[in-house]
Amino acid sequence: MGTPKRQPNPIISSSLSEAAASSVLDGLDAGFTIDEIAPDTGPKIRGEAKFSQEGLDNLVNLSNKGGPIPGQSLTRDSEDPYPWETPPEFSNPREALDDIVGSIMQPEAMKNIVSALAQGGAVADIGTAILYAKFNEGKITPDVMMMLAEPVMYTIMAIGEEANIKYNIEGNDLDEFDEEDNKEEFDNKVNEFRNVLTDIKKGATKNIEPSKIDSNVVPESILAQVKEKGPEIKSLLSKGEE
Amino acid sequence: MGLFKKLKKAFKKVTSAVKKVVKKVVKGVKKVVKKVSSSKILKALAIAAAVVVTGGAALGAMGATTGAGLFGSAAAAGGTGFAGWMTGTAASLTSTALGSALATPFTMLGTGLGKAALALGVPAISNAAPLTAAQTAAAGVTLPSTIPGASTANVATGMNLPTTIPGASTAASGATVGTGVAGVPGITVGSAGSGTLASNVTAGMSAAQASTTAGLQSGSLTASSIASGAAPQASWFARHPRLTAAGISVGSTVGTALVQGAVGQYIAGDPEQQGSMAGAAVEGGEYLDPLKVYAAQQGINTDSIYQNMMYGNQDPSSQYGNQLYQQQTFGVA
């Protein structure tokens, strides 16, 4: 374990992603290696989404039940409102986040989250379900729900990392980062090849002098024309005159 | 469109945006950290984000599988490892401008006192502790480890006692000599003459010899204490009470006058400069802390700053969160 060279720099941001990135870069700058920040814990469990006919049938049945009739909510007794129609328990996002993360960290909840991630559940879907449930319980407002999407998603991602699962973030994007890495690597190699080819081409053509060319290889009449025209000679592939 | 459908759509947008941001941040970090896979950076980001959200304690609650203080309970306790480093409360306190500003004057004060003492030629002498050999040597005092010839057997030689005491005889005094002077060799029982026995015994001695003899007689001075060397010497200040008192008096008078003058000038401000802030209204480090600078840049009212979600080690609510998550929520092996 490396000893950090200095204390952490002050970091503050309205975006958790930005704050996390700054913290990682700050840690690297202070002397931590990436392996110390994110240690390797062996091969990951692939949380691949699998098609389930039963699940699809359930979804279809639910959507066939239909939505509420327009104006249905207005027919409800005002003395007996739904929880989300009452003032929320937490109007403060920080307090709401503490409550939600506290409930996520419970052993039973964590077990279910890990199981869902391992079976192909996406981080965004799990986060949505958690926050939506809190809204339904009347704990938070829709605005707070939107504000907490990012921290809750990151908390679920951290649980997935701790459980050593290769999880989906949204939909079925398990290998998205790896594919991007591969594409980037391929592009880099192609660029490298092009650069090498250009260098070879430049090096080969630079040393050619008409006087040194063997007359047995190129007829003298052609060489004479080359000497006569010199720079006027254009490549067959060059842009023609318009 | 109903409320729930709107919420669903909005949430879909938010989660997609979060994913985009995650990808963008991973790419951004990857540009800095070369030859590291994106999934590794994603892991580092997830860990750092969880530490930021929960103050590192959530990772401790997860079960401490990776050990080495990274995710473990050490992280929650502000121990070693990346998480511990990120959440080190003492570090974050001293790293602030205010913490440094508070620490500096006290350091200077301590140094100043030390310098003054050295200037007086007092090499860190404490009244409580006895002098060490090094301290006495530095002060120019050389104490013998033993007094030559000081033993019960030949105390007379070592102390240069007179072999006979003039006029000391038991016959003249009529008193019984023997019990009191049995331990003092060289005293012959003859004519005691006038005066007490003690005065007669010490009559021919120097002041130091007389003091030692009196000590031997009273029992406060034993042979072992003589052999082990001198009694601890009092400090320089104790030995020079008048000079010390005078120094303290002069120092306090001058110091008080200086402080009074400085404070008066500080409160009054500079009358020459128009438009300057009034005395004692100096813009301190408090107004320059990262949170307030950030709030000012983002147009956030600091009165309602608690309502704004902010992240990072300078966000006060994250410190509040650190305390909240000190409790253990999951069994740690």
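# Close-up views of a predicted two-chain model

**Figure 1. What packs around helix α6 of chain A.** In this predicted model, the cover over the buried residues of α6(A) includes α4 (93-104), α5 (107-118), α7 (142-147) and α8 (149-162) of chain A, along with α1 (3-32) of chain B. Which residues of α6(A) are buried? They are Val123(A), Ala124(A), Ile126(A), Gly127(A), Thr128(A), Ile130(A), Leu131(A), Lys134(A) and Phe135(A). If you would like to check the helix with a ruler, take the end C-alpha atoms of α6(A), residues 123-136: they lie 20 Å apart. That agrees with expectation, because 14 residues at 1.5 Å a residue should span 20 Å. Just past the end of α6(A), look for Gly138(A), which has a positive phi of about 80 degrees.

**Figure 2. Chain A as a whole, and how confident the prediction is.** Chain A contains 10 helices and two strands. Read from the N terminus, its elements follow the order α-α-β-α-α-α-α-α-α-β-α-α. Of its 242 residues, 29% are buried. Among the contacts in chain A with a separation of 6 or more, 75% join residues 24 or more positions apart. The mean pLDDT of chain A is 85, and 94% of its residues are at 70 or more. Which element of chain A has the highest mean pLDDT, and which the lowest? The highest belongs to α6(A), at 93, and the lowest to helix α10 (residues 220-229) of chain A, at 78. A friendly reminder for any close-up: where pLDDT is low, the predicted coordinates should not be read in detail.

**Figure 3. Where chain A meets chain B.** Here 60 residues of chain A are in contact with 69 residues of chain B. On the chain A side, α1 (16-29), α2 (34-37), α4, α6, α7, α8 and α9 (176-206) each supply at least two of the touching residues. The biggest share comes from α8(A), which gives the most, with 11 residues. Sorted by class, this side of chain A has 36 nonpolar, 14 polar and 10 charged residues.

**Figure 4. The largest nonpolar core and its best-connected residues.** This core has 72 residues, and Leu45(B) and Ala49(B) have the most contacts inside it. Helix α2 (residues 38-54) of chain B gives the most to the core, with 12 residues. Chain A takes part too: domain 1 (1-37) and domain 2 (85-174) of chain A each provide at least three residues. Zooming in on Leu45(B), what does this residue contact, leaving aside neighbours within four places in sequence? From chain A come Ala20(A), Ala21(A) and Val24(A), and from chain B come Val25(B) and Val26(B).

**Figure 5. Chain B on its own.** Chain B has 17 helices and zero strands. Of its 333 residues, 23% are buried. Residues 24 or more positions apart make up 43% of the chain B contacts with a separation of 6 or more.

**Figure 6. The loop residue Thr86(A).** Thr86(A) sits in the loop between α3 (53-64) and α4 of chain A. Is Thr86(A) buried or exposed? Thr86(A) counts as exposed, because it has 9 C-beta neighbours inside 10 Å and the exposed class covers 12 or fewer. Apart from neighbours within four places in sequence, Thr86(A) contacts Pro81(A) and Gly138(A); Gly138(A) is the residue with positive phi just after α6(A). Thr141(A) is 55 residues away from Thr86(A) along the chain, and their C-alpha atoms are separated by 9.7 Å.

**Figure 7. Asn164(A) and Lys166(A), around strand β2 of chain A.** Asn164(A) belongs to the loop between α8 and β2 (165-166) of chain A. Its phi is near 60 degrees, a positive value in a residue other than glycine. With 17 other C-beta atoms within 10 Å, Asn164(A) is partly exposed. Lys166(A) lies in strand β2 of chain A. Lys166(A) is partly exposed as well, with 19 C-beta neighbours inside 10 Å; 20 or more would have made a residue buried. Not counting residues up to four places away in sequence, Lys166(A) touches Lys44(A), Ile45(A), Arg46(A), Gly47(A) and Leu174(A). For one more distance to try, the C-alpha atoms of Lys166(A) and Ala118(A) are separated by 7.8 Å, although the two residues are 48 residues apart along the chain.

Notes:
Residues are numbered from 1 along each chain as its sequence is written. Chains are lettered from A and ligands numbered from 1 in the order in which they are written. This is a predicted model: local features need pLDDT of at least 70, side-chain atom pairs count only at pLDDT 80 or more; totals for chains, interfaces and linings use all residues. Helices (H or I, at least four residues) and strands (E, at least two) are DSSP runs, numbered from the N terminus. The expected span of a helix is 1.5 Å times one less than its number of residues. Two residues are in contact if their C-beta atoms, placed from the backbone, lie within 7 Å. Ala, Val, Leu, Ile, Met, Phe, Trp, Tyr, Cys and Pro count as nonpolar, Asp, Glu, Lys and Arg as charged, and the others, Gly among them, as polar. pLDDT is the predictor's confidence in each residue, from 0 to 100. A nonpolar core is a set of buried Ala, Val, Leu, Ile, Met, Phe, Trp, Tyr and Cys residues joined through C-beta atoms within 7 Å. Domain bounds come from an automatic or database domain assignment.
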